[in-house]
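I opened this notebook to keep track of what I looked up, chain by chain, and in what order. The entries are working notes, written as each item was checked.

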Amino acid sequence: MGFRDLIADFKLQWGVHPDGHKSLTSERPIESMPLPERLVLPLAQHIGAPARPVVAPGERVLRGQRLAEPVGMVSSAVHAPTSGRIADIGDYPVPHPSGLAAAALVLLPDGLDEPVAFEPCEDPHSLEADEIARRVAAGGVVGLGGATFPAAVKLGLGKRNPVHTLLLNGGECEPYLSCDDRTMRERPQAVVDGARLMARALGAQAVVIGIERNKPAAIAAVQLAASGHPEVSVRALPVRYPMGSEKQLVAYLTGVEVPAGGLSAEVGVVVHNVGTAAEVSRVLRTGEPLTHRALTVSGAAISRPANLRVAIGTSVADIIAHCGGVRRDVARYVMGGPMMGMLLPGTDVPVVKGSSGVLSLTSEEAGGGSASACIRCARCAGVCPIGLQPFEMAARIRAGRAEAAVDLGLKDCIGCGSCAYTCPAKIPLSHYFSYAKGSLAAAERSRLKNESIKKLTAARSERLAREAREKAEAAARRKAEREAAKRRAAEAAAGEAAEERREVPQVSA
Amino acid sequence: MLIAVTSLTLIATCLGLILGIAARRFHVEPPELVSELEAMLPGSQCGQCGFPGCNGAAEALADGLAPVTLCPPGGPALALALADKLGVQVELGAMGEREPTIAAVREDICIGCTKCFKECPTDAIHGAMKQMHSVMKEACTGCGKCAEICPTEAVTLVPVAATLGNWRWREPAFA
Amino acid sequence: MSEVLILLLSTALVNNVVLVKFLGLCPFLGVSRKLDAAIGMGLATTFVLTLASAASWMLEQWLLEPFGLGYLRIVSFILVIAAAVQFVELAMRKFSPELHQVLGIYLPLITTNCAVLGVALLNVQQGSDFLHALLYGLGSAAGFTLVMAMFAGVRERLELAAVPASFSGAPIALITAGLLSLAFMGFSGLRLD
C-alpha cells in the first residue's frame, strides 16, 4: 500500500461495510453447469432497444447462431447458447422487480451442441480499433457487472472524447458475489488480454485494474499476468461498498471527479468490468459470441453454494436444483448482489447477460422489519457516495414533492442502497428514490405524449380544414362548370335564336 | 365641521388624482393568460374536463373555476405545469385515482362503420369502410369519444397494460 | 445613533408587532406557506408601513392636530394607507410582475392590515417626532418581515414532517405560532441601554 493509496483512503468518507459472506463461494472454482431442458432468452438483456428476432418458431438453430439482431444505436444481439429448436417467441417472465413478462425466445436444446463455423482470430491485437468494436458488438457483449450497457457502444466513446485511461473494475464490492474474483484467479491472462484489446479500441494509453484488498489471490494472479505489459497496472482498492460504482472508482483511482449528470469519458476515463474484459478476449480470439456467463450461487439457504458457468437463458429454478436445492426457508430470491440486485418474484425466470449472482437468502440474512420515524441522525448523508442528503430527499418525496428532491440531487443518486442499509430507523430510502425516479419518468413520458398529441391534433385540424377547402373548391369548380355549360347552352340557344331572327327577316324580306 | 369636510374632501381628491395618474403611468396590458393556458393544454378538444374544448378549459382555469388537475390526458405533469403558471398549490392525490385508459376495438363485433375514427380528435384510430378498425396506442388519449359513438359498443376503454416500459415502483408504505 | 439602534431593536424584537402585540395576524397565517411569498409580503408591508408612518405623521401634525380633528384620525389614516397600498400595487405590477404574481390577492390585505393602522395610531399615542415615527414604522416592519420569514421557514419544514393527522395543517401552524410567540416573550428581558 503506497503513499498515494494512503492519501486516497484518507479522503474516502463515504460507503458502508456490509458483511461480505464471500467465503461461502470464494474458494470454489467456476464449474460448468450442464444444459437445462429449456432456455428462455429475453430480447432485452441490455440497456437500450430490445433486439429483433431473426429466427422463426420451429426453426433449428446452431450454437453461436445469431437469434436476434440489435435495433438502433444502443442495443445488442442475442445468440444461441447451444443447438436446438426455437419452440416459441412470446412473452415470458423476465428478471425484473415487477415480475412482468417480456418478449423472449424459447430454445429447446437437442443435446448435440452443434456449433456454427466461428472465425477465430490469431492476433486480435493487430486489428483496427473499429474492427475490435465491431467484433465485440457482433459477439453481443454487454457490461457483465450488472449494468448491461452494450460494451461496443462504450468502446466507441473514445471517438467523441479523448480517453487516456481504461479502468477495469475488479472491486466486486457486493456481498456474496465471487464470480469476478474467481474469473480473475482462473483466467487472469484473459482479463489482461481483454483489457489491452479494449484499451486499443478506445485509444487509451493506460489500463488500471482496481481490485479490492479482500481478494489477495486475485491481485497476485492479475499482477503476474500483467507483468509483461508496462501499460497495465494493478491497484488495490479499500474494501468498501460501493467501491465498484463507476464514479467512485474513477474518483478513487484517478483523483478526478466525474461531473454530475456526465459520463466518465468526459474526464478521459472509461470503466469496464473484469468479467467483460475476459469475455472480450474470448470473443475476439475464438470468434464465439457471448452465450454463457460466470455467476455466483450463494446465500445461507442454498445447499451447495457455488460459482457456475451457465448458459444464458437457464432458469433460476434449474440453477438452484443443480446446487442441491434449498435447505432452509427462503425469505428472498435475489438476482445480482444483495445491495443493488433485484428481488425476484419467483424462480421461473431466466439468467440474463447481466446476472452476476443468484442468492437464496434466509429471513435473518434478508433483514427487514418495519420502518419507524426518521431521527435525523444523518448517517445516510454520511455514507452516501455522491454526498447527497437521503433523509431530506425522502422526506420531500413522502410529502409528494419529487421535484423538490430533484433540487437536492435526486438525479445524481446511483441507487447503491448504502443509505437504506445504514438507516437505524429502517426507512426504505432507496425504495423512495426508485419510486420518485419512476414518477418523474412517468411525468416526462406523459409530457412527451402530450406534445405528440398536440402535433396530431394540429395535423388533424389542418387536414379537416384542407378537406373542407378542397370540397368547397371542388363544389365551386363544378358550379362554375355547370354555369359555363348553362351559359354555353344559353349562348348557343341565343345564337340559334339570332340566326332564326336573322333568318326570319330574310324570310319576311 | 366645515374644516373637517373640506380637509377630508381635499385629501381624498388629491389621493384620487395621484392614483388616477399612477394608473395611467403604470398601466400594463394584462397578460393573455387564457391563450397561454390554452397553449399548454393538449388541444385535442376531447372534453373530458367537462368544459367545451381546451379553450373553455383555459378560460375556466384563468377564472379559477377549475382545478389544475382538470385535464386527464395531460396527467400530473400538466397539472404541475399549470399550478406553476397560476401560482397555486396542487393536490396530485386526486389525480392518481383515475387509472389511465386506452381505447380498444373488439374485433368480433366491429362492423367497420368508420364513425369512431372520424370522431377521434388525435387520429388514433385507423381503418376503412367495412374493414376492421384498430387503435394506435401511442396516439390514444383515452378520451372515450369513440366509445360513445360506436353503434355496436365494439370500442371500449381498457386500462393501459403494464409493460416493462411504463412499470414503476409503488410508493413505499410508511408506518 | 445608539438611540436609533435601540428603537429599531425594541420595535423589531421586544415589541414585535405580530408575536408580542398580536397585530397583523391575517397575513402571518395566510401568506406563510412559502418562504418566498412570505418574504415578498414582508417587503411589501415594510414599504407600506414606513410610508404610512410618514404620511400619518404628517397628517396628524399638519392637519388633525392644528384643527382639532382628532376624531377623524382613523378614517383619514385608512384613507391615506389605502391609497398608499393601491399605489404600491400599481407600481409593483409595472416594475416587478413576478412579485405581483406572488402577492396577487394578498396585497389588498395590507390595506386593512391592523399592523399598519396600529403602528400609525401608536405613533400618535406616543407623540413621536417625524424621525422616530419613521423608525418606529421601519422597525415594526422589519420585525414583521423577520417573523414572517421564520414562520414560513418552519411551515415549509412542517410540510415534510410526519404530523399526526389531527394536528396537520392549521392546528400545527397555530401551535408553532404560539411557540414562536413564547420565544419572543423572552426578548422582554433584553436591556437596551
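What follows are my entries on a predicted model, beginning with chain B.

**Entry 1: chain B, overall form**

I began with the secondary structure of chain B and found seven helices and four strands, which from the N terminus on are arranged as α-α-α-α-α-β-α-β-β-α-β. I then looked up the radius of gyration of chain B, which is 26 Å where the globule rule gives 16 Å for 175 residues, so I noted chain B as more spread out than a compact globule. The box filled by the C-alpha atoms of chain B, taken along the principal axes, is roughly 90 × 50 × 25 Å. I also checked burial, and buried residues account for 25% of the 175 residues in chain B. Of the contacts in chain B between residues at least 6 apart in sequence, 53% join residues at least 24 apart.

**Entry 2: chain B, confidence**

Before reading further into chain B I looked up its confidence: the mean pLDDT is 81, and 93% of the residues of chain B reach 70 or more. Where in chain B is confidence lowest, and where is it highest? The lowest mean, 56, belongs to helix α5 (residues 93-97) of chain B, whereas the highest, 89, belongs to helix α1 (residues 2-25) of chain B. I keep in mind that predicted coordinates should not be read in detail where pLDDT is low.

**Entry 3: chain B, domains**

The domain assignment splits chain B into domain 1 (33-96) and domain 2 (99-159). I took the centres of domain 1 of chain B and domain 2 of chain B over C-alpha atoms, and they are separated by 25 Å. Six residues of domain 1 of chain B are in contact with six residues of domain 2 of chain B, and on the side of domain 1 of chain B that touches domain 2 of chain B I noted three nonpolar, three polar and no charged residues.

**Entry 4: one residue of chain B**

I next looked up B:E153, which lies in the loop between α7 (145-149) and β4 (155-159) of chain B. Is B:E153 buried or exposed? I noted B:E153 as exposed because it has 10 C-beta neighbours inside 10 Å, and 12 or fewer is the cut-off for that class. From B:E153 to B:E32 I read 121 residues in sequence and 42 Å in space, C-alpha to C-alpha.

**Entry 5: where chain A meets chain B**

I then turned to the contact between chain A and chain B, to which chain A gives 27 residues and chain B gives 26 residues. Helix α16 (residues 429-508) of chain A contributes the most to the side of chain A that touches chain B, with 17 residues. Sorted by class, that side of chain A holds 11 nonpolar, 12 polar and four charged residues.

**Entry 6: chain A, domains and cores**

In chain A the assignment gives domain 1 (1-32 + 123-290) and domain 2 (379-439), with C-alpha centres 28 Å apart. Their contact takes 10 residues from domain 1 of chain A and 10 residues from domain 2 of chain A; on the domain 1 side, six are nonpolar, four are polar and none is charged.

I also looked up the largest nonpolar core, which has 62 residues, and the members that touch the most others are A:V136, A:L166, A:V191, A:A195, A:M198 and A:V222. Helix α6 (residues 188-202) of chain A gives the most to this core, with nine residues. For A:V136, leaving aside neighbours within four places in sequence, I listed contacts with A:V141, A:A151, A:A152, A:L155, A:V280 and A:V283. A second, separate core has 48 residues, among them A:L39, A:V40, A:A104 and A:Y333.

**Entry 7: chain C**

My last entry is on chain C, for which I found nine helices and zero strands. The radius of gyration of chain C is 17 Å, which agrees with the value near 16 Å that a compact globule of 193 residues would have. The C-alpha atoms of chain C fill a box of roughly 60 × 45 × 30 Å along the principal axes. I noted 37% of the 193 residues of chain C as buried, and among contacts in chain C between residues at least 6 apart in sequence, 81% join residues at least 24 apart. In helix α1 (residues 2-14) of chain C, the residues C:T11, C:A12 and C:L13 are buried, and the buried residues of α1(C) pack against α8 (130-160) of chain C.

Terms used. Residues are numbered from 1 along each chain as its sequence is written. Chains are lettered from A and ligands numbered from 1 in the order in which they are written. This is a predicted model: local features need pLDDT of at least 70, side-chain atom pairs count only at pLDDT 80 or more; totals for chains, interfaces and linings use all residues. Two residues are in contact if their C-beta atoms, placed from the backbone, lie within 7 Å. Helices (H or I, at least four residues) and strands (E, at least two) are DSSP runs, numbered from the N terminus. Ala, Val, Leu, Ile, Met, Phe, Trp, Tyr, Cys and Pro count as nonpolar, Asp, Glu, Lys and Arg as charged, and the others, Gly among them, as polar. The radius of gyration is taken over C-alpha atoms; the globule rule is 2.2 Å times the number of residues to the power 0.38. A residue is buried if 20 or more other C-beta atoms lie within 10 Å of its own, exposed if 12 or fewer, and partly exposed in between; C-beta atoms are placed from the backbone. pLDDT is the predictor's confidence in each residue, from 0 to 100. Domain bounds come from an automatic or database domain assignment. A nonpolar core is a set of buried Ala, Val, Leu, Ile, Met, Phe, Trp, Tyr and Cys residues joined through C-beta atoms within 7 Å.
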